[in-house]
Amino acid sequence: MAFDVRTLARLLGGALKNADQRANAPIDSVIMADDLTVHAHPQFVTAIVVSADEIESLLAPDSPRAEAVRAGVLIVETVALVAGHGESGADLEGLIDVSGVMAILCPPRAKSAVLSEIAAALAVDQAAEDRLVTSGTKVLTQIARRGGVKAVMAELAHRIDGWGVLLDSQGHAIASSGAGALHVRDAAAVALNQPVRVRHPGLQLHSVGSSEDLTAYLVVASRAGAMSRIRDLSSHGAALLDLLLRSHDNTTTDRLGREVMITSLLTGQSADARTLLRRWGVHEDRLTAFVLSSRSKAVDLERLVTRWFDELGWVHVMTLDNGAVLGFIRDDRVDALATRVEDYAREVNVPLRCGIGTSAPIEHLEQSASEARQAHEVAVADAQVRVRYEALPTVRFVLDQLDSDAQSSLAGTLNGLRERDGQHGELTRTLRVYLAENGSLGVTATQLEIHRQTLSSRLHQIEERTGLSMDNPDDRTAAWLALRALER
């Protein structure tokens, strides 16, 4: 609830006395002084409508209701506290000051009228809170369908204006949003009831799953403090997360398997790549790479692409790559994938960015991946949903201007790299990966699975055999054009 003590004072047109840190606490109920027994909830304040005749007995040190009174806020008529309206008026005002009990001094009116006014205001506030919880739950459900666990966590943190951490039953972080390392440690301490100091106050702990079959822990905190709306919305979020964690098909094992798969395709020899793909269920000789990213955290890209691949009848040849999905798809399904990207971005109004490379043989998939990354960079820079590498007015334009003899002559620049059998081999592959990785020695060495010293030696041989300098941007461009001409 957002209806706090200060808001109540403004509503009644009264003066707030003895305001302390609880002045911003939400009010959960309003009662007459006769009905006061115990304080309902430590994080909420109860409004107590009291008459002048009842104040003294309520504030007496030996009153059995003294503790409950101090935890609430007294609603008192000012007419009873003004000198001239009763012999004890001034004494009662002094008694409130000395007691330190929080009170609102409001204009004179019947106690029943004050009670009704506060009750109506609380009902309206509760209805507004309920609407926010209902609408928030609907949005979380929609996002869960298309974005999964990470998307639900991001949206929940946004709606409670705070942060959230999802931990497994052992206290290890599964996902978080708006939380730093300190928040994660605090969340784990609260979830596992560890005897350590928690630095963040007001944490809410929600069990994900039943006590007999616990899936995880959801720990949230809000800048707005402890409100029932936050508690209710987080409880609904925990139920959604339980369903997602039990039904999500992108298991850790599957994700790691796909990551190793893609790494092997980009670094392995052609024979190994073909064997691996066939065992994976892919029998094509050529594939096309794509890179897909989203500026919205509400989209679980892996889950989204997995669903698209299932609908297209294609194997899950994809993995996460620096926050984006890098994948390979059959050439005849590229257009269908591109259409799905555009339709989804338009229908859901999510800023997707997709770069698509050109078709490449299995042994040169790193080239298509490099092209897809370059096209993706253009898509991000130009705020376009989809960009095809072949549509970029660079390499294709240059090669299209050359006849077959000129293209053969350009490809002949790399003849010095041929091996004894006349085929392009190790040195040509090294050059292709080096250029595809923008001249990064470390990344290239990792991709080729060789030592950096070995890479330096190969690059020196390439320069000697071709007459091209890898330090010269013009020569690097010429080498890339020559590589592309080789494939035509």
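**Exercise 1. Overall make-up**

State how many helices and strands there are in the protein, and what share of its residues is buried.

Solution. The protein has 18 helices and 14 strands, as assigned in a predicted model. Of the 488 residues in the protein, buried residues make up 46%. Turning to contacts between residues at least 6 apart in sequence, one finds that 64% of them join residues at least 24 apart.

**Exercise 2. The five-stranded sheet**

Work out the strand order of the open sheet of five strands, and identify its edge strands.

Solution. Step one is the order, which reads E11-E12-E10-E13-E14, with mixed pairing. Step two concerns the edges: strand E11 (318-321) and strand E14 (386-388) each pair on one side only. From one strand to the next, the twist averages 20 degrees.

**Exercise 3. Pairings of strand E12**

Describe how E12 pairs with E10 and with E11, giving in each case a residue that stands opposite one in E12.

Solution. Begin with strand E10 (residues 286-294), which pairs with strand E12 (residues 324-329) in the antiparallel sense over five bridges; here Phe 290 stands opposite Gly 327 in E12. Continue with E11, whose pairing with E12 is also antiparallel and runs over four bridges; in this case Leu 320 stands opposite Val 325 in E12. Finally, look at the connection: E11 and E12 form a hairpin with two residues between them, and Asn 322 in the turn has a positive phi of about 55 degrees.

**Exercise 4. A helix across the sheet**

Determine which strands helix H11 lies across, and at what angle H11 runs to E13.

Solution. Helix H11 (residues 334-348) lies across E10, E12, strand E13 (352-361) and E14. The angle between H11 and E13 is about 175 degrees, and since angles are taken between N-to-C directions on a range from 0 to 180 degrees, this value means that H11 and E13 run in nearly opposite directions.

**Exercise 5. The two sides of helix H14**

Sort the named residues of helix H14 into buried and exposed, and explain why the buried ones lie on the same side.

Solution. In helix H14, which spans residues 404-411, the buried residues are Gln 407, Leu 410 and Ala 411. They cover an arc of only 95 degrees around the axis, and therefore they sit on the same side of H14. The general background is that an α-helix has 3.6 residues a turn, so residues three or four places apart point the same way. On the other side of H14, Asp 405, Ser 408 and Ser 409 are exposed.

**Exercise 6. Two glutamines**

For Gln 367 and Gln 204, decide whether each is buried or exposed, and name the side-chain partner of each.

Solution. Gln 367 belongs to helix H12 (residues 365-381). Its relative accessibility is 1%, so Gln 367 counts as buried, and a polar contact of 3.3 Å joins its side chain to that of Arg 432. Gln 204 lies in strand E8 (residues 204-209). With 13% relative accessibility, which falls under the 20% cut-off, Gln 204 is likewise buried, and its side chain makes a polar contact of 3.1 Å with the side chain of His 206.

**Exercise 7. Cysteines**

Give the number of disulfides in the structure, and classify Cys 106 and Cys 354 by accessibility.

Solution. The structure holds zero disulfides. Cys 106 has a relative accessibility of 1% and so counts as buried; Cys 354 is buried too, with a relative accessible area of 1%.

Key:
Residues numbered from 1 in each chain as written. Predicted model: local features only at pLDDT ≥ 70, side-chain atom pairs only at ≥ 80, totals over all residues. Heavy atoms only, no water. Buried < 20%, exposed > 50% of the residue type's maximum accessible area, 1.4 Å probe, protein only. Arc of directions from axis to C-beta. Pairing = 2+ DSSP bridges. Contact = heavy atoms within 4.5 Å. Disulfide = S-S within 2.5 Å. Polar contact = N/O pair within 3.5 Å; in protein donor to acceptor, adjacent residues only side chain to side chain.
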